[in-house]
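Work through the exercises below with the sequence and the structure at hand. Try each task before reading its solution.

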Amino acid sequence: MVMKRIMVFLFTALCSVALYAQDNKEAIIYLNGGSFWGSHNNMGAYMGIEYNRQLNGNWYWGARLSGTYFLGNPITYDWDGIGKSPYRNTIDQNIYKADAMFYYRLPVIKDIVLLRPGAGFGLGYHDIFDDSFAGKDKVIPYLNASLNWIVKCGKHLEFVLSPTIAFCPSEFDYSFVQLGGPTDINPWLTNYFVSLGIGYRF
């Protein structure tokens, strides 16, 4: 409940910044959605909102809020009880993130189709509801990297698309901080299939 209130507050603040910025720099608000796959054997869907603002020329900064929603475990194990249980790294969880990003918008086809590499950092709140990790919710830092297509449609509308090449993941978030025992792998998230965002420029 507390985390949801924080996300609502941040969403309101993000919209306020977007509406009341008065300089001549271009700004875009995106609504994003897609699929995710995580290091702790979880997969599902994610949704988010992102605000981008022009810094200088093709350089932009961004602020985004997102949430992943657990749908299942893609990997099952045929474990014979010998050695460490592979299930120690299976954690059912939702993850809510707040990130700061920097982007460069590279024109590929005039100023209509652009390639947008990006990098940034943020915080992730891991809402863990797996029984073996109950009560062990964590907030940890993340480093982020992405590579997306931007397709402009008219004066104000544009789409942000990934993956960039075939079905290769093109968005990747990684943390150097582990969630703690019994898992012994670092958290990471990626888009394993496709992501789509719709943006409004003003």
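Helices (H or I, at least four residues) and strands (E, at least two) are DSSP runs, numbered from the N terminus. The model used here is predicted.

**Exercise 1.** State how many helices and strands the chain has, and in which pattern they follow along the sequence.

Solution. Step one: count the elements, which gives one helix and 11 strands. Step two: read along the sequence, where the pattern is α-β-β-β-β-β-β-β-β-β-β-β. Step three: turn to the contacts with a separation of 6 or more; residues 24 or more positions apart account for 64% of them.

**Exercise 2.** Find the residues of the largest nonpolar core and the strands that supply at least two of them each.

Solution. Step one: of the 202 residues in the chain, 43% are buried. Step two: the largest nonpolar core has eight residues, namely I28, Y30, Y60, M101, Y103, L114, I150 and V160. Step three: at least two residues of this core come from β1 (27-38), and at least two from β4 (93-104). Step four: there is also a second, separate core of five residues, with I91, I128, I140 and L179 among them.

**Exercise 3.** Decide whether V177 is buried, partly exposed or exposed, and say where V177 lies.

Solution. Step one: the relative accessible area of V177 is 36%. Step two: buried means under 20% and exposed means over 50%, so V177 is partly exposed. Step three: V177 sits in the loop between β9 (171-174) and β10 (188-190). Step four: V177 belongs to a nonpolar surface patch with L55, W59, F102, F121, L143 and F176, and together these residues have about 740 Å² of accessible area.

How values were computed: Residues numbered from 1 in each chain as written. Predicted model: local features only at pLDDT ≥ 70, side-chain atom pairs only at ≥ 80, totals over all residues. Heavy atoms only, no water. Patch = residues over 30% accessible without salt bridge, like charges linked within 9 Å, V, L, I, M, F, W, Y side chains within 5 Å. Areas by Shrake-Rupley, 256 points an atom, 1.4 Å probe, with all protein chains shown as cover. Salt bridge = Lys/Arg side-chain N within 4 Å of Asp/Glu carboxyl O. Buried < 20%, exposed > 50% of the residue type's maximum accessible area, 1.4 Å probe, protein only. Core = buried A, V, L, I, M, F, W, Y, C linked by side-chain atoms within 4.5 Å. Contact = heavy atoms within 4.5 Å.
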